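Me: I'd like to go through the labels used for this model and ask what stands behind each of them. Could you take a look with me?

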Amino acid sequence: MERARLFSRSVHALGRRNISSRATFSLTPKSSFPRSSLRTPLLVIAGQRRHASAAAALKKPASQSTPAPAAEAQLTEQDLSRLLKQRNIGISAHIDSGKTTLTERVLYYTGRIREIHEVRGRDAVGAKMDSMELEREKGITIQSAATFCDWEASDPVVGAEKKSSYAINIIDTPGHVDFTIEVERALRVLDGAVLVLCAVSGVQSQTITVDRQMRRYNVPRISFVNKMDRAGANPFRIVNQIRQKLRMPAAAVQIPIGTEDAFKGIVDLVRMKAIYNEGIKGVDIREDVIPADLLPLANEKRQELIETLADVDDTIADFYLAEEEPSPTELVAAIRRATIGLKFSPVLMGSAIKNTGVQTLLDGVCAYLPNPSESEVTAIDTTKAPPPSSESAEGAKEKDSSWNKVRLTPASAAPLVGLAFKLEEGRFGQLTYMRMYQGTLRKGAMITNVRTGKKIKVPRLVRMHSNDMEDVAEIGPGEICAMFGVECSSGDTFTDGATGYSMTSMFVPEPVISLSIKPTGTETPNFSRALNRFQKEDPTFRVHIDSESQETIISGMGELHLDIYVERMKREYGVACTTGKPRVAFRETVTQRADFSYTHKKQSGGAGQFGRVVGYIEPMEKDEETGEDIGFENEVTGGNIPAGYIPAVEKGFNDAIEKGTLSGHPVSGVRFVLTDGAYHAVDSSELAFRIAALGAFREAYNKSRPVILEPIMAVEVVAPVEFQGTVIGGLNQRRGTIVDTEVRDDEFTVSAEVALNDMFGYASHLRGMTQGKGEFSMEYSKHVPVLPNVQIDMVKEYEKSKKQ
């Protein structure tokens with residue numbers, strides 16, 4: 001059946017090839033491309049990489065292709081030779097999968113650090129990438145940290161006989177969901193990633209979140225099964241989880257030599273060689289023949305690798321159907337093609353803490369992940385005029401998606417374009433992390449912030465090594481660097497002034513929890529200074545003043561997120577703070593369409609106020625790409641409302657959704673459609689229409705059967721198997737819905753959906769139930785309506801508070 005299915009797919013692929021030849025597309029294997037060509041057909045929309053096969057590219061008519069700039073810069077031989085040896089990667093995973101420990105070994109083996117130090121700072125030093133004191137105390141990564149290193153990579157076909165030098169930029173990211181924005185902005189600017197998985201726990205809740213983020217920014221990934229020395233390690237179960245839970249075709253390109261305590265090396269399935277780490281801290285690599293007892297498993301898993309690749313790569317499918325064995329060269333080329341094409345993830349394995357398998361992972365990064373020239377990126381040309389409105393609606397819509405897009409080329413001589421993706425308050429002022437997409441950034445050069453139009457001089461240019469830095473005179477395209485003393489915001493685009501290109505920013509999730517905060521004792525300027533700085537650095541950290549209680553409210557992604565900032569205010573600014581009880585980010589929404597026809601009229605001598613708005617409000621689904629669930633549409637024709645008053649109507653709508661009438665929480669999931677209205681030549685004004693829109697929304701809102709929404713969290717609990725009944729019972733008591741359970745040897749994992757309002761205090765409750773052996777993680781999943789009796793109580797409480 002498998003062979004018949006592949007034969008059918010191959011016939012279909014051959015048909016595609018015939019079409020391809022007529023359309024002048026080529027499906028030549030990547031290894032045979034000339035050096036100056038791009039290796040994978042790519043489609044990029046709004047600054048995001050969209051890798052596609054040639055067959056997928058054929059489905060898109062030529063008229064829809066991403067437009068090229070009038071004079072696109074060409075990559076020189078010097079550019080190509082530099083970019084081919086350049087890698088920009090992130091290391092991402094669930095909490096406690098060993099990301100920082102792995103990065104520490106990478107830095108040691110590449111010569112960036114002289115000694116290996118462990119997480120939590122047990123030796124009073126701590127891991128290099130966890131530079132913050134709080135990170136070393138708690139043993140978690142709070143901020144993403146960037147570094148760079150050089151690696152002499154062994155050739156994936158012939159091994160250590162042929163080595164090439166690569167420059168690698170690495171960003172180590174947090175695993176806790178509370179700091180998910182750090183992962184978002186790192187993946188936004190990276191070309192590839194290493195997804196680290198625990199050999200025992202496998203795919204966990206935050207692994208699924210990271211996978212979703214990688215797909216959002218179309219980042220190819222290598223999967224690394226870490227902690228192979230742990231009791232219960234089973235890498236092949238993890239490979240199956242990647243296929244099933246992450247829906248990503250994957251296969252092992254290595255198998256372990258022994259597991260748990262007996263783990264001592266790996267077998268490379270491409271070259272069929274056994275590889276051992278020897279010497280002090282595993283610094284020496286020894287290759288040998290595969291042990292006789294492992295040879296049958298190695299042959300079986302190599303065949304599985306070929307079969308998986310045959311499903312996603314036509315070249316390997318041809319070998320498979322012809323019952324021929326692909327050579328190591330062809331196998332490596334296919335793995336690279338499929339990985340960069342986002343169709344496959346090679347799975348490597350090792351144990352960072354035991355210094356095993358890290359060097360082969362670095363070789364895999366160089367062999368299988370893309371270089372900057374293989375990721376096409378587009379920017380928005382803000383200087384281009386929109387297309388003529390006389391075109392047909394369908395043609396205009398088609399053109400709207402591409403008329404202002406331009407391709408960026410990582411050429412040194414091209415006009416400069418860079419994206420500021422992360423801000424930090426450094427010892428010498430604001431530190432701005434930059435990804436250079438094209439052109440060369442030099443110290444002392446004048447650059448332009450596209451958002452503000454301001455010209456800024458670059459006073460100091462550095463390359464980061466965690467909290468250390470190295471001054472440089474210039475940075476080329478495809479590199480990651482940092483600037484000092486440049487005032488900007490996260491997501492700003494910088495150019496040399498020759499173009500008006502702007503990059504799209506990263507996705508920012510909405511906060512789910514809030515706290516009231518006030519300084520202990522007398523308020524000092526440091527209190528507001530700290531809050532302003534943290535807001536600027538972290539887009540998911542919000543601050544506002546409650547209009548009724550006049551309290552300062554901080555909002556974030558979870559209790560830990562806010563606790564860390566409260567602690568940092570005390571340590572970094574000397575401001576001890578008192579916090580109130582956590583508040584859940586409730587929302588309100590409408591459940592049915594409601595029409596409105598509202599007139600605001602006021603006459604008090606002289607010019608009065610007049611504005612009439614007609615239309616309707618209706619429920620709106622959340623846009624998966626942008627995250628937007630609030631919409632305003634203007635369908636007024638005939639000039640019944642002058643165009644100058646339309647923005648005032650939108651402002652009135654935005655004022656209205658800030659506070660719903662049921663419980664005083666923000667309104668979401670609603671679209672305001674303005675269809676008609678009336679104005680007065682003398683009495684109408686922007687204020688009048690703003691007030692009219694506010695009144696119209698409130699009138700229609702009460703008729704739209706509004707409901708209160710509460711945030712639901714995806715909760716994952718891991719505990720010894722003897723506590724399974726107790727843990728599930730505890731989740732049921734908190735109105736949780738059990739989604740999945742998995743039992744492994746002596747421990748189990750239960751996944752559930754629980755309202756955030758019912759999760760307060762669960763950490764101490766879980767410790768008590770499991771004798772301190774259980775642990776849990778949770779992340780925001782969705783908002784759902786509260787129970788009817790809860791809504792009635794919340795409405796009564798809000799009405800009571802308004803009367804006081």
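Reply: Gladly! Let's start with Lys301, which is buried because its relative accessible area is 11%, and buried means under 20%, exposed over 50% and partly exposed in between (1.4 Å probe, protein chains only). Please keep in mind that this is a predicted model, where local features need pLDDT of at least 70, side-chain atom pairs count only at pLDDT 80 or more, and totals for chains, interfaces and linings use all residues. Residues are numbered from 1 along each chain as its sequence is written, and side-chain values use heavy atoms, with hydrogens and water left out.

Me: Why is Glu304 called partly exposed?

Reply: Glu304 has a relative accessible area of 23%, so partly exposed is the right label.

Me: What makes Glu304 and Lys301 a salt bridge?

Reply: Their closest N and O atoms are 3.3 Å apart, and a salt bridge is a side-chain nitrogen of Lys or Arg within 4 Å of a carboxyl oxygen of Asp or Glu. Both residues sit in helix H9 (residues 295-312), three residues apart, so about one helical turn separates them. Helices here are DSSP runs (H or I, at least four residues), as are strands (E, at least two), numbered from the N terminus.

Me: Which residue does Glu572 bridge to, and how do the two differ in accessibility?

Reply: Glu572 forms a salt bridge with Arg568, with the closest N and O atoms 2.8 Å apart. Glu572 counts as partly exposed because its relative accessibility is 36%, whereas Arg568, at 3%, counts as buried. They are four residues apart in helix H15, so about one helical turn lies between them.

Me: How many salt bridges does this rule give?

Reply: The count comes to 38. Among them, Arg221 and Asp211 meet at 2.8 Å, N to O; Arg221 is in strand S7 (residues 221-226) and Asp211 in helix H7 (residues 205-216), 10 residues apart. Both of these residues are buried.

Me: Why is the pair of Phe534 and Tyr565 called tilted?

Reply: Their rings lie 4.8 Å centre to centre with 45° between the planes. Rings of Phe, Tyr and Trp (its six-membered ring) pair if their centres lie within 6.5 Å, and planes under 30 degrees apart count as stacked, over 60 as edge-to-face and the rest as tilted, so this pair is tilted. Phe534 lies in helix H14 (residues 525-537) and Tyr565 in helix H15 (residues 559-573), so the pair ties together parts 31 residues apart in sequence. Both Phe534 and Tyr565 are buried.
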